[in-house]
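I opened this structure to look up a few things about its helices and cysteines. My notes follow in the order I took them.

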Amino acid sequence: MVLESTVICVDNSEYMRNGDFVPTRLLAQQDAVNMVCNSKTRANPENTVALLTLGSLKVLSTLTNEVGKVLSSLHSIEPEGEVNFLTGIKIAQLALKHRQSKNHKTRIIIFVGSPIDSDEKDIQRLAKKLKKEKVNVDIVNFGETEDNTEKLTNFVSTLNGKEGTGSHIVTVSIGPTLSDALKKSPILSGEDMGGMGGSGFDFIDANQDPDLALALRVSLEEQRQRQEEENKGSGGPGDAPVSAGLGDNVDLSQLSEEEQIALAMQMSLAGVEDDMPKAEETTPGSSAEADDDLGDPDVLADVMQIPSSSNR
């Protein structure tokens, strides 16, 4: 799980009064920021988030893992002034530079719904500086896409360079809400996220059932740690038990919902069995029968205390 400090920059210029995004650009933006904050902190409890406005250039919340403080400040934002794209990013960069957790990766997420008047050369110069300091930037481009898309795309391209993929831009047309557009975007499902969007359990809506998503992700992490310890103790992966490698070698996106749940349960049961004293010698084939039971939907339903398909 990636440790990350993130500064979210909210566009609160007068353009945010427009109603092309229901109910207004500002309120649609607040809903999306709420989702991003929760996703970041759920990805890792040690992740921190800060909040900055681009119109009034105020740091409403310094870096913290207490989402309530950030959201409380978020809902107090009112439209004022013009967007200050370059200055806002510089302030966000300064906040990240003085973060307490120096082992955290750094990221800035910028919502831009107003025309950017900054000179192209100044934008490129700032992008090169951020790249040098290893600060990733995600941009949500909406509202004034005709004016801003080219500038913002070039900004992200300069940040990433030829081979980089750490920074992203998502351009949202009028129609879908900002939250819906972000759910499947690289901003929430990027390879470095380690959060809900990239967990591999696509059948779970993390916003509806965050506890289950977290439990499955922790189960995978514990299995990987057990595998590493077993490999070190036995002298190599060749001596590791059969259960090792489930989390690394299986493509979860190709499994059905029942198969993914069965896999997560196998990982959890493997940890319980390691801590239990060995029973008397079992009869041949008992291990295979247990594995078959884990793949049986009725057995899984009984273990998880949910109605089986035969009783519905």
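**Notebook: helices and cysteines**

I started with Leu71 and found its place in helix H2, residues 67-74. I am working with a predicted model. I then checked exposure: Leu71 has a relative accessible area of 15%. That is under the 20% cut-off, so I list Leu71 as buried. I also looked up its distance to Ser61, which lies 10 residues away along the chain. The C-alpha atoms of Leu71 and Ser61 are separated by 9.1 Å.

Next I turned to H3. Helix H3 covers residues 85-97, 13 residues in all. I read 18 Å from its first C-alpha to its last, close to the 18 Å expected at 1.5 Å a residue. Which residues of H3 are buried? I noted Phe85, Leu86, Gly88, Ile89, Ala92, Gln93 and Leu96. Seen down the axis of H3, these buried residues fall within an arc of 160°, so they line one face of the helix. The background I keep in mind: an α-helix has 3.6 residues a turn, so residues three or four places apart point the same way.

Then I looked at how H3 packs with helix H4, residues 120-132. Their axes are 11 Å apart, and the angle is about 15°. Angles under 35 degrees count as roughly parallel, so I enter H3 and H4 as roughly parallel to each other. I recorded the crossing of H3 and H4 as left-handed.

Last, the cysteines. How many disulfides does the structure hold? I found zero. Cys9 is buried, at a relative accessible area of 0%. Cys37 is buried too, at 1%.

Conventions:
Residues are numbered from 1 along each chain as its sequence is written. This is a predicted model: local features need pLDDT of at least 70, side-chain atom pairs count only at pLDDT 80 or more; totals for chains, interfaces and linings use all residues. Side-chain values use heavy atoms; hydrogens and water are left out. Helices (H or I, at least four residues) and strands (E, at least two) are DSSP runs, numbered from the N terminus. The expected span of a helix is 1.5 Å times one less than its number of residues. Buried means under 20% relative accessible area, exposed over 50%, partly exposed in between (1.4 Å probe, protein chains only). The arc is that of the directions from the helix axis to the C-beta atoms. A disulfide is a pair of cysteine sulfur atoms within 2.5 Å. Axes are lines fitted to C-alpha atoms, for helices over the stretch in contact, and angles run from 0 to 180 degrees between N-to-C directions. Angles under 35 degrees count as roughly parallel, over 145 as roughly antiparallel, 65 to 115 as roughly perpendicular and the rest as oblique. A crossing is left-handed if the near helix is turned anticlockwise from the far one by less than a right angle, and right-handed if clockwise.
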